[in-house]
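This briefing introduces a protein structure to a reader who has not met it before. It treats the ligand site first and the sheet with its helices afterwards.

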Amino acid sequence: MHSHQPQTLQWNGAEGGYLTLIDQTALPLNVTTVDCRNLESVVHAIRVLQVRGAPAIGIAAAYGICVGLQTIDVNQCTMQQFEERLQHCVDQLANSRPTAVNLFWALQRMQDVAQTMRQAGQLPSQIMPALLNEALAIHDEDREMCHAIGKHGATLLDHGQGVLTHCNAGGLATSEYGTALSVLFSAQDQGKTLHVFVDETRPLLQGARLTAWECQQRNIATTLICDNMAAQVMSEGKIQTVITGADRIAANGDVANKIGTYGLAILAKHHQIPFYVAAPSNTFDLSLSTGKGIPIEQRSSDEITQGFGTQTAPDGINTYNPAFDVTPAELITAIITEQGIISPVSSAAIAALL
Ligand code: MRU
């Protein structure tokens, strides 16, 4: 993203500060920000997708703890009051969206800091600044991971390739630079010219509204297609690589990502096109042996029947609106992480790298 543009997420001030987010629901028409000064506004921002994308949700949740704790006076409260408020913040944030594991990972990291300090006899007034430091560290580490993913992944792309991506796994879905898009941006920085095909990504159009916008900002040759065009575009020989992000990866390499990803992986296999997933290590959920255990968020039928305010289906029609699907590991050529590339994808290879 250009330096004059706001950051996807930004903490302002010290412990009494607040979180500013790019309001992703307003893109691409308006680049505006929203300030979150309390727990409720962070939970709301995650739920309505003002901030979205697995790593960005995790960072927002960590800062959400920091604003959420501001309702108590850490110089006066008891440890029990502090812990009750922390637990309330964790519960509210954990309820905002179910699929991206980065959210739960970030909340756990925040809880671990508080618990370790309490066990060491530290007071709420000492724990509070440490929690802000932890949130800032989560944010900073994400930047580094995104750039490392890009560096590893760029080795898989050749000059002149057509690359298809789905949803938005760019700077808007992370601290900056992205995961899947980081691979494209890094390849571009190395002088490889690519042509990016962007799936519009029904029903909420993260591809059209966010990825197309990010690619334009970076002057990458970009073509927007509707989701149902991918097979045709592949059969015309325009795509040499498919690359997406991930919301949760099971121990065996099954990948939950935006609805439509699984279909693309099947199409890629049919056309003998490599299918890559780019994600940081905190997107892996090693507690789940396969993708069957990944909770899939169900969203409102309005997103299908009257997306963006225009009714496009008859009144009373039944809908089904899962926001994510699970791509089996066997369809994934490689998973690109900040620690290196996992290929072929297997439980053993994942365990060895992580
Ligand atoms: O519903 P969203 O927009 O939060 O879904 C996001 C995705 O599916 C992304 O592809 C995924 O989180 C990877 S982001 C680096």
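**Ligand site and sheet**

In this predicted model, the ligand is surrounded by 18 residues, of which Arg52, Arg97, Asp247, Asn257 and Lys258 are the closest. Elsewhere in this briefing, the description turns to an open sheet of seven strands.

**Contacts with the ligand**

- The side chain of arginine 52 has an N or O atom 2.8 Å from an oxygen atom of the ligand.
- For asparagine 257, an N or O atom of the side chain is likewise 2.8 Å from a ligand oxygen atom.
- Lysine 258 places a polar side-chain atom 2.7 Å from an oxygen atom of the ligand.
- Of the 420 Å² of accessible area that the ligand has on its own, the protein covers 99%.

**The sheet**

- The seven strands of the open sheet follow the order S6-S5-S4-S7-S10-S13-S14, and their pairing is mixed.
- Strand S6 (221-225) and strand S14 (340-342) form the edges, each pairing on one side only.
- On average, neighbouring strands of this sheet are turned by 25 degrees against each other, direction ignored.
- Strands S10 (residues 275-278) and S13 (residues 334-337) run parallel and are joined by three bridges.
- Valine 277 has isoleucine 335 in S13 as its bridge partner.

**Helices at the sheet**

- Helix H5 (residues 124-154) packs on the sheet and touches S10, S13 and S14. The direction of H5 makes about 140 degrees with that of S13.
- Helix H7 (residues 206-217) lies across strand S4 (162-165), strand S5 (195-199) and S6. Relative to S5, helix H7 runs at about 165 degrees.

Methods. Residues are numbered from 1 along each chain as its sequence is written. This is a predicted model: local features need pLDDT of at least 70, side-chain atom pairs count only at pLDDT 80 or more; totals for chains, interfaces and linings use all residues. Side-chain values use heavy atoms; hydrogens and water are left out. Two strands pair if DSSP finds at least two bridges between them. Helices (H or I, at least four residues) and strands (E, at least two) are DSSP runs, numbered from the N terminus. Axes are lines fitted to C-alpha atoms, for helices over the stretch in contact, and angles run from 0 to 180 degrees between N-to-C directions. Contact means heavy atoms within 4.5 Å. A residue is near a molecule or strand if one of its heavy atoms lies within 4 Å of it. A polar contact is a pair of N or O atoms within 3.5 Å; within protein, one must be able to donate a hydrogen and the other to accept it, and residues adjacent in sequence count only if both atoms are side-chain atoms. Accessible areas come from the Shrake-Rupley method with a 1.4 Å probe; for residues, only the protein chains shown count as cover.
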